[in-house]
Each structure stands twice: as C-alpha cells, then as structure tokens.
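Please look over the model shown here before reading the notes on its strands, helices and one residue of interest. The notes are grouped by topic.

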Amino acid sequence: MTTPSLKIGFIGLGIMGAPMAGHLIKAGHQLFVNTIGKLPPAIAESSATVCTTQRGVAERADIVIVMVPDTPDVEAVLFSEQGLASGLSKGKLVIDMSSISPLATQDFAKKINAIGCDYLDAPVSGGEVGAKNTTLSIMVGGPEAAFERAKPLFELMGKNITHVGANGDGQTAKVANQVIVALTIEAVGEALLLAARAGADPAKVRQALMGGFASSKILEVHGERMIKRTFEPGFRIELHQKDLNLALATAKTLGVALPNTSTAQQLFSSCAAHGGKAWDHSAMVRALETMANFEIGGKLPE
C-alpha cells in the first residue's frame, strides 16, 4: 500500500536535518522548508518549497518538524513574532526532533495544545551517520494518537522508534542516552589510555575487549577513533556539552545527584578550552591524555 503524500514542514536543515528532510522528499511528500543560513544544495535542487518565515511553513503544512540546536532555538521557532504558533490552525501536528529541556518541552506542548494542535517531542540518537542511513533511534513523548499519525514519517528517518510516554518523556530519554554515551566514552578513553601507557597495543586491547562483556558500540566506533586519531565530528563536543547541561539542570531541579555526569562535562570543558568545541565527542580522551601527559599511540618514555 502506497503512503499518501503529505504536506510536511521542516525547520532546521543542518548536519542532521538536511538528510532527514531529504528522506521525506524522496518518499514523495511535499515539503515546505525554512532554515537559518544557506540552504543545503540537495534540498535547494529538490521539490521542496522554501518559506521565508516559520509562520509560512505552519500555514502551508499539516505536520511540521523542527530540528534545531537548543531550547532557546525551539522557543524562537515556535513563539517568535513570525514563529510557527502564529501560523498554526486547529488539527495540525508539531514534532520537535531537537534535543532540548524536558521541562521546557512540557510548557511548549501546553501552549501548542491550547491552539488546538498536537505536539510530540521526538529527539533522535545516531548522529549524522544515522540521519543519512535512516538508522536513527527516535524517542517520542506525546499523545498515542499523535504518535501513530507521525509513525510512518519516523519510519522514513529511523529504525528504533519508541513511544516513551507523555510530552517531555522523549526528551528525558534522550538526556539519559547522552549521559550513558558520555560516561561510556570516558570509560573507553580511560581503559585504552591505561593499556597504551602500560605498553600494550591499544588496537589489540580494543579487539580483545570487543569479544567480552565490555563490548559496546562506543568501544567499537569511538575506541577506533581514539586509536586512529580521527576526531572530525560526527557529533561535536559543544553539542554534547549542551545535552549534559540539560541533564545536570534537570537533575538539579529534581534534586538528583549525577556525579559522574558532572565529571564528564568537566572533561568536555577541558577539551573546549583547548580549542576542541568542534571536535568529535570521542576526543574527550584528549583531556584524559593531557592529565596523563601521554597520548594513545604515543611513544613510551624511556
């Protein structure tokens, strides 16, 4: 059965938004797009209609997807003078696929619901590679009926699609994901640094660990990055810092201690202080190497 063509708005055509929008266009949907900065060539050459304001997107589309960097960006897209809210009409659906504050998300959802529209928070994990390969994990918060309405679109962009619960719960799941990723990067970095400093071949140590209980996607992908020194960003340190700030701010509000998340954030801050905001987050290991005065793959002191 062929999925009918839908009128979809897409706001935010960055490193992940552009390929995500591209998959929707390829599937035959009519897209109305808006972004900050230069329009990606693949989108410019497609059938997408470019709108000069977010309001224009909301007026033309029945479902609007937002994919921007941070909480203030989403708030501006939704509620600025020419924002989405000013162009929405009853029955439309807003899907925020950015990674932002769970608490702010609940407030945004209430304001959009007051207009007569549904709201889903649907942050993603998988980075640029996942966005390009349609293998993103998508964590969704919001009403069940709205989730079912959006699910065919999510299936064009990702693989592991989970309706977590109410509005804000999708963002909570993403924050939890980023805590686990950061702490695992830190663990892999410590382990490989220790092995290399002890004189073992870190590549062979990684290979051995991949067959045991310590195996993980981060050991597989980011462990290799650490060994090969390939820190071009798949996911920038500054973006992971933003996500950990969300985790720590939410934890503070809830009275929850996240001691190791705080440590991981300080390691990212050390990298940023050395010019590494745009490094891949696997480059957290560089902060550990600085403290050890030894680099994975470096020469052992005589």
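The briefing below turns to strand pairing, then to a pair of helices, and then to a glutamate. The model is predicted, and the features described here should be read with that in mind.

**Strands β5 and β6**

- Strand β5, which covers residues 93–96, pairs with strand β6, which covers residues 118–121, in the parallel sense and over 4 bridges.
- Within this pairing, V94 stands opposite Y119 of β6, and the chain travels from β5 to β6 by way of helix α5 (residues 102–114) in a β-α-β crossover that is right-handed.

**Strand β8 and its partners**

- Strand β8 spans residues 136–141, and 5 of its 6 residues are buried, so the strand is largely enclosed by the rest of the structure.
- With strand β7 (residues 124–125), β8 pairs in the antiparallel sense over 2 bridges, and the bridge partner that S125 finds in β8 is S137.
- With strand β9 (residues 158–165), β8 pairs in the parallel sense over 6 bridges, and in this pairing G141 stands opposite G165 of β9.
- Helix α7 (residues 144–154) joins β8 and β9 in a β-α-β unit that is right-handed.

**Helices α8 and α10**

- Helix α8 (residues 169–197) packs with helix α10 (residues 217–228) at an angle of about 50 degrees, and their axes lie 10 Å apart.
- Because angles from 35 up to 65 degrees fall outside the roughly parallel and roughly perpendicular ranges, α8 is oblique to α10.
- The crossing in which α8 passes α10 is right-handed.
- On the α8 side the residues that meet α10 are V181, T184, I185, V188, G189 and L192, and on the α10 side their counterparts are I218, L219, H222, G223, M226 and I227.

**Residue E289**

- E289 belongs to helix α13, which runs over residues 285–292.
- The relative accessibility of E289 is 6%, and because the limit for buried is under 20%, E289 counts as buried.
- Once its neighbours within four places in sequence are left aside, E289 is in contact with L193, R229, F294, E295 and I296.
- E289 and L194 are separated by 95 residues in sequence, while their C-alpha atoms are 9.8 Å apart in space.

Conventions:
Residues are numbered from 1 along each chain as its sequence is written. This is a predicted model: local features need pLDDT of at least 70, side-chain atom pairs count only at pLDDT 80 or more; totals for chains, interfaces and linings use all residues. Side-chain values use heavy atoms; hydrogens and water are left out. Two strands pair if DSSP finds at least two bridges between them. A crossover is right-handed if, with the strands pointing away from the viewer, the path from the first strand over the helix to the second runs clockwise. Buried means under 20% relative accessible area, exposed over 50%, partly exposed in between (1.4 Å probe, protein chains only). Axes are lines fitted to C-alpha atoms, for helices over the stretch in contact, and angles run from 0 to 180 degrees between N-to-C directions. Angles under 35 degrees count as roughly parallel, over 145 as roughly antiparallel, 65 to 115 as roughly perpendicular and the rest as oblique. A crossing is left-handed if the near helix is turned anticlockwise from the far one by less than a right angle, and right-handed if clockwise. Contact means heavy atoms within 4.5 Å.
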